[in-house]
Amino acid sequence: MVKDKNIEIQNLSQTKDNKKILDNVNLSIPINKVVCLVGPSGCGKTSLLRAIAGLDNFNSGRIFFDNKIISKPHYSVPTENRNIGLVFQESNLFPHLNVFKNVSFGSKKKKYKDIQKETFEILKKIGLPHYANVYPHQLSGGQKQLVAIARSLLTKPKLILMDEPFANLDERLKNKIRDITLHLLQKTFTTTLIITHDPKDAMFMGDFIAVMNKGKILQFDTPTNIYNKPNSSFVASFFGETLSIKSKVNNKKAKTIFGPINVINSKPGKEIEIVFRSEAFNITKKKSKNLIKKIKSRIIAVRYISENSYLHLDILNNSFKKHIHIKVPGKFIPPKNKICYINIGKKNFFVF
Amino acid sequence: MINLNLFKDFFAHKSFNSWIFISLFITFFLSFPIISLIFNVLLNYNSEWNAVLNIEIWDYLFNSVCIIFFQSIFVIFFGVSSAWLITTYDFPFRKIVDLFLLLPLSIPPYIAAIAYGELFDYSSYFQIFIRENIPFLNNIDFFNIRSLPGVIFIFTVTLYPYVYIISRAAFSEISYTYNEIGKTLGLKQLKIFFKVFLPLAIFPITGGVILSILESLNDFGTVQYYGVDTFTTGIYKTWIGLGDINLAAQISIFFLFFIFIILFLQKRFLSNEKINLKTNSKKETNLLPSGKLKKIFLVTFCLIPATLGFFIPFIFLLFNSIQALEIFVSKDTLINTFNTVLLASFVSFTIIFLSLIINYSARIKPTKINLFFNKISSLGYAIPGSIIAIGILVPFTFIDNLFINIFKNNFNLDINTFFSGSIFVLCFAYIVRFFTISQTNIESSFYRTSKNIDDAARCLGKKSNFILFNIHIPLMSLSILLSLILVFIEILKELSATLILRPFNFNTLAIQVYEYASEEKIVESTIPSLIIVVLCVIGIIFISRINDHLLKSGKR
């Protein structure tokens, strides 16, 4: 799928204290693209990033930059010679240096004039040219993060690694900084690997998304495919709230409380898991006699959030008592404790 | 303690570099006195040991245990209570009282001992004045300060600041939110202290108490002057009096064992390192207001230890030194001052340099063996100066004798001793003993700098040396200065190791004080004492300023 390989990671495994941190990871980061590595905390994202940066060792596997091997067990090009950028959750600007000195820290230019020119160019790109003489503690969280990104970009790295770069920012600021960062990366044609635990960040930033769990990469694809064609229940549930039902295949159909569901590709008798997104449900007032059953539920709470209505429902079925959330487009605010019926549409559920 | 895994871990890092070898070397250097002591005792076991063991060592032990026990109680009382009041209540002159509480650090116990010894002497001006001028006090019997209780008193008033500093830092570190939570749960201020703050700070507080204990165990001047035999005087007597260095080494080992038991007990039973004292809320604490009477009480209460520990001895020194001004400008005093300051500066810079190397190498390659080095190298402060001195003296005397014999037999030359009695050996002892002070400071400031900073710099293409000099050293410049001053002050005051190791005809100010005092030339002794105290006071003022600054910038 990916032809212009910039960074190629092959069969990377890492064990620490008899615990597998990275389990046979394979990943290609295409040139000039932004890849988001997303997964729950403790899944090995940061370990992978540190291995790529050459800050940690690993047990087996190889890492290539431009088809040249740079890391394998017992051989590692030192971090300082890899020409990569690294941006952390806390910006980690050098607190004793001002913005100008921070940004120009990695400059390889000799003449002060060249350094100055180079630094101000990048400061203009992040919109902070007037902050050259300001010290890090005088900057806001978002500005610090931009300066940290500028500091890495100045050395024109082959690859920029970002470890949860937006995690410390509040929602509104995060959207702004995320936007500036994305366009900056696109303008400077920088290959980037962003680590995040927030699927929204990943969908927003990534040309490609890699989903990781328990040291393994589960799926690597475009954001659209990740959302619409998840390859496992974990990936499906990571990118939105889901309800999962276990069932058995019988005559190409699976029984659920919502009625039988067509499953074409599964063998008879196989245990399957059906995952419903919260958009999969429809809500009606009346019972119906269709094959797809309507299930009696009680409305516990309703909240109207940005053009969508979120309904908290208790399913009133003796064999299936669950609390679920349903997303309904538009303003729909039924009274509390009202009894309603839900069924499922044809989209937004996945069979594994 | 050493297991094979350490070495496996060490060699597994293929890229281990010169940093580790240098820190290995430094650690060996620093643990050398203890190693040599242990070897010496194993090789030349002295059977006279039993005799000493039977009679004297139990006396030493009894006295030392008594001192430790009562001193701990009083030091905790003064140190913790004043720290709690200073960090909790707002009262006038709070800042200056805070500084006053630190000042007894500038008075070495032996100088306080001389001052109080004089004041409590029947024939002193002070007592004559009281007898003659205050009629109802003319028959009073002052208590005999030259006794075990007297020694405990001296150690309490001069050493409580160790507990004060540490508990004050601990109390201000504990988030003020706990205080607020306690109040919303309906607890009185005193109850909050006993239920929340004291248990949370118990480990650092006992750390401070142990520091004060180590200081008093190290002390030679006070116990000698007051004629109370402890381990330190025992070691000194055996070495100087009996001339038996092996026996001295054996007593030292026994003593070391005793100290390690204390350290072990603290770690074992009181460690709560896993508890995080900080919450994420604001750092500033709100001081509680207090009424007029309470304010007066608070100021007076906090001034008591400061007065006993600093002002009384200091005023004593001032008054007496006026009578001996000619000594102030004497050649001896000038030379000794110069010697002391030069020696202290040289050693403190060396110590900072070494601890930077050890800590930085542990940072860039945090292998188990490196961390182990770090631990070992910081044992020095636990070991009294006299023991370090013996530990150094034993092997160097051996080497010297070897050299002398070689030269005599082969070249028919009579040479002097080469190492023992040289300034090198003295510096060595200082470095071993005071290394811990800068080690802990610099370790914690390295610890405060996120490792991501190093990683960021490495990703920008910078090598480890460059990172040390351009990032770490500028970042921790204040901590470095702080350690420099702390070590400097300690060396100014050092007596017990200097007494054993000083070169012939080489005196420090502390030695000059000791010699005058042992000749009962008290007035003369006040001049070098005053120089030590004034230099230390200047240092302490600097320290408290730096500490305030570090507190404000959130680095501490």
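Modeller: In this predicted model, two residues are said to be in contact if their C-beta atoms, placed from the backbone, lie within 7 Å of each other.

Biologist: With which residues is B:A429 in contact, leaving aside its neighbours within four places in sequence?

Modeller: By that rule B:A429 is in contact with B:G385, B:I388, B:A389 and B:I392, and also with B:A497 and B:L501. B:A429 is also listed, together with A:L37, A:A150, A:L161, A:A210 and B:I390, among the residues with the most contacts inside the largest nonpolar core.

Biologist: How many residues does that largest nonpolar core have, and what makes it a nonpolar core?

Modeller: The core has 229 residues, and it earns the name because its members are buried residues of the nonpolar kinds, joined through C-beta atoms within 7 Å. Helix 7 of chain B, residues 148–173, gives the largest share of this core, 15 residues. Chain A takes part as well, since at least three residues come from each of its domain 1 (5–238) and domain 2 (242–351).

Biologist: Why is A:T15 called partly exposed?

Modeller: A:T15 has 14 C-beta neighbours inside 10 Å, and because a residue needs 20 or more to be buried and 12 or fewer to be exposed, a count in between is called partly exposed. A:T15 is found in strand 1 of chain A, residues 5–16, and, not counting residues up to four places away in sequence, it touches A:K20, A:I21 and A:N59. The C-alpha atoms of A:T15 and A:N57 are 9.8 Å apart, although the two residues are 42 places apart in sequence.

Biologist: How do you know that helix 23 of chain B is mostly covered, and which of its residues are buried?

Modeller: Of the 10 residues in this helix, which runs over residues 509–518, seven are buried, and a residue is called buried if 20 or more other C-beta atoms lie within 10 Å of its own. The buried ones are B:L509, B:A510, B:Q512, B:V513, B:Y514, B:Y516 and B:A517. Just after this helix, B:E520 takes a positive phi of about 60°.

Biologist: At what angle do helix 2 and helix 17 of chain B pack, and what makes them parallel, perpendicular or oblique?

Modeller: Helix 2 (residues 18–43) and helix 17 (residues 385–411) of chain B pack at about 65°, with their axes 8 Å apart. Because angles of 65 to 115 degrees count as roughly perpendicular, helix 2 of chain B is roughly perpendicular to helix 17 of chain B. Helix 2 passes helix 17 in a left-handed crossing. On the helix 2 side the meeting residues are B:P33, B:I34, B:S36, B:L37 and B:N40, while helix 17 brings B:I388, B:I390, B:G391, B:I392, B:V394 and B:P395.

Biologist: How many helices and strands do chain A and chain B have?

Modeller: Chain A has eight helices and 21 strands, whereas chain B has 24 helices and zero strands. Buried residues make up 36% of the 352 residues in chain A, and 43% of the 556 residues in chain B count as buried.

Biologist: Into which domains is chain A divided, and how far apart do their C-alpha centres lie?

Modeller: Chain A is divided into domain 1 (5–238) and domain 2 (242–351), and their C-alpha centres lie 39 Å apart. Between them, four residues of domain 1 are in contact with five residues of domain 2. Along its principal axes, the C-alpha trace of chain A spans about 80 × 45 × 35 Å.

Note on methods. Residues numbered from 1 in each chain as written. Chains lettered and ligands numbered in written order. Predicted model: local features only at pLDDT ≥ 70, side-chain atom pairs only at ≥ 80, totals over all residues. Helix = DSSP H or I, 4+ residues; strand = E, 2+ residues; numbered from the N terminus. Domains from an automatic or database assignment. Axes fitted to C-alpha atoms, helices over the stretch in contact; angles between N-to-C directions. Parallel < 35°, antiparallel > 145°, perpendicular 65-115°, else oblique. Left-handed = near helix turned anticlockwise from the far one by under 90°.
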